[in-house]
Every structure is written in structure tokens, then in C-alpha cells.
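The following exercises concern a helix, a cavity and a pocket. Please work through each task before reading its solution.

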Amino acid sequence: MSDTYDVIIIGAGPGGYVAAVRAGQLGLKTAIVEKREKLGGTCLNVGCIPSKALLQSSHHFEMAEHEFANHGIKAQVSLDLKTMLGRKDKVVDDLTNGIAFLMKKNKVDHIVGTGVVTAAGEVTVSPSGKGKKKQVLKTKNIIVATGSESSPLPGVEVDEKQIVTSTGALALPKVPKSMVVIGAGVIGLELGSVWRRLGAEVTVVEFLDVVLPGMDGEVSKQMQRILKKQGLNFKMKTKVTGAKTAKSGVTLTMEPRDGGDAETMKADVVLVSIGRRPYIESLGLDKIGVKVSDRGFVEVDADFQTNVEGIYAIGDVIGGAMLAHKAEDEGMVCVEIMAGQTGHIDYDAIPGIVYTHPEVASVGKTEEQLKEAGIKYNAGKFPFTANSRARCNGDSDGFVKILADAETDAILGCHIIGPQGGDLIQEVVNVIEFGGSAEDLARICHGHPGLPEAVKEAALGVAGRAIHI
Ligand code: FAD
Ligand code: NAD
């Protein structure tokens, strides 16, 4: 293993490992330093992948328990949580091993240990395990891709057993009788759904008066109604002020956000999911003068370079949408620019998906954002109750809404609640990327009977000519 590189990447999440693959493809001498034994970062180890594995398994369980009978299928259903968790771990293992294979294939040196930027052009790696010697590596460029961690809530101390972050909530050894989720964001609604489906009484406590803040207002409201109907309890406009753990469970103290009497609530397990913050602990960036924002995000220019030449940063650690696909695209573009090519990311065309059932998917501007910016738009909306495939599937909660510029008809945003909403949004992302209009989308032939027909109908609806409603 040589110790002089074209690029060293610190952190092997979706940002870092994709940057490493691309650097390898471009013939750059590349190393990736990761402190976890397994590659793949938050996303593969304790994020996107294990959560989606459990969402799928718990969805099957709920379907078997409550929906099969509607299709004339009689089944006696019971839960084997150990197998469900084991399957999730196997999915994670297989995929992280796949990343190790990709490193080898692209001739990337994989170094296990904690990386510290000791100077521009120098990374010192402390391997985990006693007696192992530090390695000092020289390089032309460094990419910081160290990701993010769960934001703490003062007074509510995480032990990953009774008071958990998403990491603990992905590995609870038994289904809690009761669970309080603090924060009605993406993690809270996804993991709250998992444990409710498996039998827990789940209450979501949220500081604001809406779930999924930042999403289109109509989507937030309808999604809360749907989740309530499924059995999630919501306590809105409420501030958690402290937590006490005992063998018998956790006692939370909380008070109304806008003033009023404090109250307590007991639960077997509490999930803290109030957001994530950038992770740059012990990375040494302060010592070499890399600029960091008030909120701890590494500041970069349009080429992902920090104020120190040769030091770049990508992914969650630079802020913006904390999403795996955003980190991946930044990894690719950053390396291409470093190699003298050009690159660009259209941040208005990055989809966001919440993998509840039904799924929530969004791209571009919300109605609230367009109104605030004074942009005139036409909206087309189509409900899944009028989509024949959704009716065949018995899965017709939700709608597709497309927002298009009133003058040019260019698609400015799309918001979906619906079965496979996360897959359906992709065709709208593509149309936005190509600068297409609602009319363009409306004139594309869509297979019948199919869920994507709801997207076409919403596009037709922009000009007030949806067919099936
Ligand atoms: P990370 O994936 O966080 O990777 C950073 C890596 O750097 C880590 O492996 C860490 O160990 C390593 N590291 C840190 N410091 C050092 C150091 N000094 N030396 C060596 N290594 C270091 N996003 C989606 O798009 N879709 C989803 O469905 C989704 N689901 C999620 C579910 C959960 C429960 C969570 C928590 C997140 C989810 N996300 C999802 C967000 C997604 O995981 C992140 O946006 C993504 O992982 C960010 O990638 P990254 O490469 O920037 O950082
Ligand atoms: P989030 O920002 O999505 O939601 C946090 C919620 O907590 C918000 O509704 C906020 O108002 C609320 N909140 C904040 N402080 C609070 C307090 N003191 N008391 C009560 N409520 C409070 O954050 P998250 O759900 O923790 O997720 C973190 C990140 O991980 C997100 O940015 C998301 O991008 C990413 N993620 C993505 C996916 C996905 O793409 N499907 C899944 C999980 C996580």
C-alpha cells in the first residue's frame, strides 16, 4: 500500500464511497479512510438500508394481519422478531460487502481507522485496536465525507436501550408495549410506523403544528390524517423538557409549546429523532483553519472546495438536504471537478422520499414556497382513488400534485402521497432535469393500468383536462 495519493477520502458513506469509485475510474490514486469496520456509512449500516428492510418486513406483517382477508386469503399470523432483525442485518452485510468489492475493483486502498487532517495534504490515521501504529499519509487532495449524527435533546439522555436514536430503534430486541417518538420528521414517522405495525402503541410528540415540516402543506396535513387512521397518536405543539429512566420505563416531562401546564408521559422506549447535525469531531479541521458555519457544517464553494486549497467536503457534513443520493451526486461531481472535468448538481431536482405507507415523495418547490416567492403557478391534482391500478391493489390513499409555471408551463414542483410514490416521482424529476413542461409529461403515453397514470393525469390536470376525474 503506497502512502502518497492523488486523493484521500475520509468517511465511506454514500458520499465518500461513490467519490472513491469515481476517483478510481478516473485513474486517480485513491484511499478511503473509514473508522467503522464496514463500509457504507450511516446509510448502509444504520440508516437508509436497515430502516427500509424493517419497513418492508413490518409492512408485510401488517398486510398479512389486516389486509389479506380482504383478498380472500385466510392466514394465522405471528411475529418472529429475531428472524425479522436477522434478515435486516443480512441485507446490510451483503450490501456493505458489496462496497468492499467495489473498492477492490476500482483499486481504492481501504484503510480502517479514524482519520485526522493534520495538514493540507496530510491525513493521519489512528487504527482501532491497541498497539496498532498511526499511519501518516500524504496526498494532493482530501475529501471530508464524515457525514452526520443524531442531534441530542438536552435532558433526554440516550442510552440506546430505553432512550434510543434511530440506531437503537433499528435493533430493539422486543416490541415495546409503548413508544414515544420525539419529532414528527422523516425518522420519527418511518420508525414510528415500523414499531406501530409490529404492535407498539406509538405516540409522536412534535414541537411544531405540522408533521414533516418543510414538505408541501397539503401533503403534511393529509399524511398526518392517514397516519392517525393507521393508529399513530400525535401530540403536537409540545416541548419535551426532560426524561427519567427506571426499570419500569421512561417518564418524559413535557409542556405545551405556547404555554400551559407541564405533564408527564410514560413509555417503554423513547426515540429521539429531532434532526441530525454534521459530524466533524476530532477531525482537526479547526487546527488547519477550515471554515465551518455556526451550525457546524463545513463551508465549501461551488466546486466543493473549502477555504483551504486541496481540502474538499461533500454530503451531510456540508448541509443542505441530508440525503444519500445528494451525497452520492456530490461525491461524483467533486471528484470530476478535481480531475479537471466539469460537473453540476441541480439542487431543485433532488427528490425527497418518506418510506411510510403510503410513501410521501417530493421534488422542487412547494405551494407555500411559490406563493412566498410571488411566482404564479397552475396546479394539477389527481387522487389515487381514481387510478384503476391503485383500486385493483386496494391501496388508494393519497394523490399526485404537479405545480407548473403559469406562463411557461415548466414543472416547478411535484408532491405525492401514494403507493410507490418514491418510484413515481422519478419521472417528474427527469422531466424537470430536461426543462420539460406539464404538457410534455401529459402527452407521454403511460402503460395501463399503472400507478404512473396518476402522474400523467395530474399533469393533464395542470391545464384543467384530467380525463378520469
Ligand atoms: P455518512 O453516511 O454519515 O458517512 C460518513 C462516514 O464517515 C461514517 O461511516 C463514519 O463512520 C465516517 N467517519 C466520520 N468521521 C470519521 C473519521 N474521522 N475518520 C474515519 N471515518 C470517519 N437518506 C436517503 O436518501 N434515503 C433514506 O431512506 C434514508 N434513510 C435514513 C434513515 C436513517 C435512520 C438515517 C439516520 C438516515 C437516513 N438517510 C436516508 C440519510 C442518509 O443516511 C445520509 O444522508 C447519508 O448517509 C449521508 O452520507 P454521507 O456520505 O455524507 O455520510
Ligand atoms: P427531521 O428534520 O426530518 O425531523 C425532525 C423533527 O423534529 C421536526 O419535525 C422538528 O420540528 C422536530 N423537533 C425538533 N426539535 C424538537 C423538540 N425539541 N421536540 C419535539 N420535536 C422537535 O429529522 P430526523 O427525522 O431526525 O431525520 C434526520 C435526517 O435524516 C433528515 O434530514 C432526513 O433527511 C434524513 N433521513 C432521510 C430519510 C429518507 O430520505 N427517507 C429517512 C430518515 C432520515
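**Exercise 1.** For this predicted model, determine which elements cover the buried residues of helix 11, and examine the helix itself.

*Solution.* Step 1: the cover includes strand 18 (352-354), strand 19 (359-364) and strand 22 (411-418), together with helix 12 (438-442) and helix 13 (453-462).
Step 2: the residues beneath this cover are identified by a relative accessible area under 20%; in helix 11 they are Gly421, Gly422, Leu424, Ile425, Val428, Val429, Val431 and Ile432.
Step 3: helix 11 spans residues 421-433, and its 13 residues reach 19 Å from first C-alpha to last, close to the expected 18 Å.
Step 4: after helix 11 comes Gly435, with a positive phi near 70 degrees.

**Exercise 2.** Characterise the largest cavity by its volume and its lining.

*Solution.* Step 1: searching the whole structure gives one cavity of 30 Å³ or more.
Step 2: the volume of the largest cavity is about 40 Å³.
Step 3: its lining consists of Ser150, Ser166, Ile187, Val272, Ser273, Ile274, Gly275 and Arg276.
Step 4: sorted by class, this lining has three nonpolar residues, four polar and one charged.

**Exercise 3.** Establish which helix supplies the largest share of the lining of the second largest pocket.

*Solution.* Step 1: this pocket has a volume of about 480 Å³. Among its 18 lining residues, Met63, Glu67, His357, Gly394 and Asp395 are the closest to its centre.
Step 2: helix 3 (48-67) and helix 7 (217-230) each contribute at least two lining residues.
Step 3: helix 3 provides the largest share, five residues.
Step 4: by class, the lining comprises four nonpolar, eight polar and six charged residues.

Note on methods. Residues are numbered from 1 along each chain as its sequence is written. Chains are lettered from A and ligands numbered from 1 in the order in which they are written. This is a predicted model: local features need pLDDT of at least 70, side-chain atom pairs count only at pLDDT 80 or more; totals for chains, interfaces and linings use all residues. Side-chain values use heavy atoms; hydrogens and water are left out. On a 1 Å grid over the protein atoms alone, a cavity is a set of points where a 1.4 Å probe fits but cannot get out, and a pocket is an open set with protein on both sides within 12 Å along at least five of seven lines; lining residues have an atom within 4 Å of a point. Grid points are joined across faces, edges and corners, and a volume is the space filled by probe spheres set on the points. Ala, Val, Leu, Ile, Met, Phe, Trp, Tyr, Cys and Pro count as nonpolar, Asp, Glu, Lys and Arg as charged, and the others, Gly among them, as polar. Helices (H or I, at least four residues) and strands (E, at least two) are DSSP runs, numbered from the N terminus. The expected span of a helix is 1.5 Å times one less than its number of residues. Buried means under 20% relative accessible area, exposed over 50%, partly exposed in between (1.4 Å probe, protein chains only). Contact means heavy atoms within 4.5 Å.
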